[in-house]
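Could you teach me how to read a protein structure, one feature after another?

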Amino acid sequence: MKLLYIISICFIFLTSCDLNDDNETTYEETTYLTEWHLIEVNGGISGETDEFDLNTVVWTFNTENNVLTVVNNNTDDTKEDALDSGTYSYSETDFGGIFYLSIDGDEFGEFSFSSSNNFLTINATELSTEMVSDGYIYEFQRVLVEVE
């Protein structure tokens, strides 16, 4: 008798649930754009270090059509800031697990991404063919911007 009672209760619970709830909550998927904000540049002949506030120099990579958009609001000509505002074509090359970034067909440097702290480093002293003694190392911080 207990078994019949348990089966009946289970049957009631299982059949009383309606998977087609008319009061469904609708969730909108949030889309984010990844921006890379230049925060520090090291190197050059004199070994200088230049620091930037967020939103001063912003790089956005469009991975669908390999276009880099740069918004450069740096007004201090004494600071190395890489590229002027504009759009550039880019490509990535893998040489034995080391990745290199080319911009408008010219190799710019070795790049690496640290997911633990959301930083992108582009080392323009390390090219696939040689080391460049007067190059720069560019540090970028990732900023996610909600797209409406």
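The dialogue below takes up strands, a pocket and aromatic rings in turn.

Q: Before we begin, what kind of model is this?

A: This is a predicted model, and we should keep that in mind as we go through its features.

Q: How many bridges join β5 to β6, and in which sense do these strands run?

A: When reading paired strands, we look at the direction and then at the residues that face each other. Strand β5, residues 86-95, and strand β6, residues 98-103, run antiparallel and are joined by six bridges, and within this pairing Thr-93 is found opposite Tyr-100 of β6. The hairpin that β5 and β6 make has two residues between the strands, and Gly-96 there takes a positive phi near 60°.

Q: Which residue of β7 stands opposite Phe-99?

A: Here we follow the chain onward and read the next pairing in the same manner. Five bridges pair β6 with strand β7, residues 106-114, again in the antiparallel sense, and the residue opposite Phe-99 is Phe-111 in β7. The hairpin of β6 and β7 also has two residues between the strands, and in this hairpin Asp-104 has a positive phi near 50°.

Q: What lines the largest pocket?

A: The general idea is that rolling a probe the size of a water molecule over the atoms shows where empty space is left. In this structure the largest pocket has a volume of about 310 Å³, and its lining is made of 15 residues, with Thr-34, Trp-36, Phe-61, Thr-63 and Tyr-90 lying nearest its centre. The elements that each give two or more residues to this lining are β1 (31-43), β3 (57-62), β5, β7 and β8 (119-123), and β1 gives the most, with four residues. Sorted by class, the lining has 10 nonpolar, four polar and one charged residues.

Q: How many aromatic pairs does a search of the whole structure find?

A: For aromatic rings, we read the distance between the centres and the angle between the planes. The search finds nine aromatic pairs, and one of them is formed by Trp-36 and Phe-113, which meet edge-to-face at 5.5 Å centre to centre with 85° between the planes. This pair links distant parts of the chain, since Trp-36 lies in strand β1 and Phe-113 in strand β7, 77 residues apart. Ring pairs also link Trp-59, Phe-61, Tyr-90, Phe-108, Tyr-136, Tyr-138 and Phe-140 into a cluster.

Q: Why does Trp-36 count as buried?

A: Trp-36 counts as buried because its relative accessibility is 10%, and buried means under 20%. Its partner Phe-113, with a relative accessible area of 41%, is partly exposed.

Methods:
Residues are numbered from 1 along each chain as its sequence is written. This is a predicted model: local features need pLDDT of at least 70, side-chain atom pairs count only at pLDDT 80 or more; totals for chains, interfaces and linings use all residues. Side-chain values use heavy atoms; hydrogens and water are left out. Two strands pair if DSSP finds at least two bridges between them. On a 1 Å grid over the protein atoms alone, a cavity is a set of points where a 1.4 Å probe fits but cannot get out, and a pocket is an open set with protein on both sides within 12 Å along at least five of seven lines; lining residues have an atom within 4 Å of a point. Grid points are joined across faces, edges and corners, and a volume is the space filled by probe spheres set on the points. Ala, Val, Leu, Ile, Met, Phe, Trp, Tyr, Cys and Pro count as nonpolar, Asp, Glu, Lys and Arg as charged, and the others, Gly among them, as polar. Rings of Phe, Tyr and Trp (its six-membered ring) pair if their centres lie within 6.5 Å; planes under 30 degrees apart count as stacked, over 60 as edge-to-face and the rest as tilted. Buried means under 20% relative accessible area, exposed over 50%, partly exposed in between (1.4 Å probe, protein chains only).
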